[in-house]
Amino acid sequence: LPSMKRLAVVLLTIRLPFAAAVKLTPLKLLENGFGERDLVLIALLSVPFEIIFAIYCGRWAAKGSPLRLYERGFLGRCAMALVSAAMLAGLPASGMLSRSYYTMVVLSALAASFLSNVMFTAQSSFYASICDDAIGGSYLTLLNTLSNFGSWWTESLVLFLVDYLTVGGIDGYYTTSAICLALGLAVYFGYTRGVLHDLDSAKATAWSVASAPKSE
């Protein structure tokens, strides 16, 4: 199915721009004086908000186009990647973190959680709308596997890059973040955006296995 192939490329590359922010920012906070207990506390505080976010995101996805909502969530997470880099650049040189800095980290984590929920809910809603009854759960399993692999390889890449680019005491975090964001946005504007708009208007037959052309 051509539509499935195009969607697969999107799922494998969509997380590249913010992979460094997701994987490396918590590690950099720990490295610069943020306590493990603080990160755990933020995660616990995020739980009730994530439930609320999921409910509202589900309503938004049901009312409009899931892929348009997915795209908005993606762009928001790209913006949050810049916020994360700026937040780390603003770390006090003394290592003494103020209450306002902790507040900024908490708000940043909540914003990132909200946007992640936007993408996940919109993605799930879209999967449900295109699932071919002929193969049932196999369709959803394939799509979720592609999405998970897209997360895995991009996060593995940033771990390799930050280690490779950290030379002579020079922090590779910002270089890694810049590379991922630049490459990811280039893929988005050059390929992903057009594909999402095309798939958004695709007919149901574009996802039907029964209607796929058979090779002789």
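Colleague: What is the volume of the second largest pocket?

Modeller: This is a predicted model, in which local features need pLDDT of at least 70 and side-chain atom pairs pLDDT 80 or more, while totals for chains, interfaces and linings use all residues. Numbering starts from 1 along each chain as its sequence is written, and side-chain values use heavy atoms, without hydrogens and water. A pocket is an open set of points on a 1 Å grid where a 1.4 Å probe fits, with protein on both sides within 12 Å along at least five of seven lines. The second largest pocket has a volume (space filled by probe spheres on the points) of about 170 Å³.

Colleague: Which residues are closest to the centre of the second largest pocket?

Modeller: Lining residues have an atom within 4 Å of a point. Here 15 residues line the pocket, and Phe 126, Ser 129, Ile 130, Ala 202 and Trp 207 are the closest to its centre. Helix H5 (a DSSP run of H or I, at least four residues) gives the most, with 3 residues.

Colleague: Which element gives the most to the lining of the largest pocket?

Modeller: H5 does, with 8 residues. The volume of the largest pocket is about 700 Å³. Of its 29 lining residues, those closest to the centre are Val 22, Pro 26, Ala 109, Ala 112 and Ser 113.

Colleague: At what angle do the axes of H5 and H6 cross?

Modeller: Packed helices are described by the angle and distance between their axes. The axes (lines fitted to C-alpha atoms over the stretch in contact, with angles from 0 to 180 degrees between N-to-C directions) of H5 (99-130) and H6 (137-165) come within 10 Å and cross at roughly 150 degrees. H5 is therefore roughly antiparallel (over 145 degrees) to H6. In contact (heavy atoms within 4.5 Å) are residues including Tyr 127 in H5 and Leu 143 in H6.

Notes
Helices (H or I, at least four residues) and strands (E, at least two) are DSSP runs, numbered from the N terminus. Angles under 35 degrees count as roughly parallel, over 145 as roughly antiparallel, 65 to 115 as roughly perpendicular and the rest as oblique.
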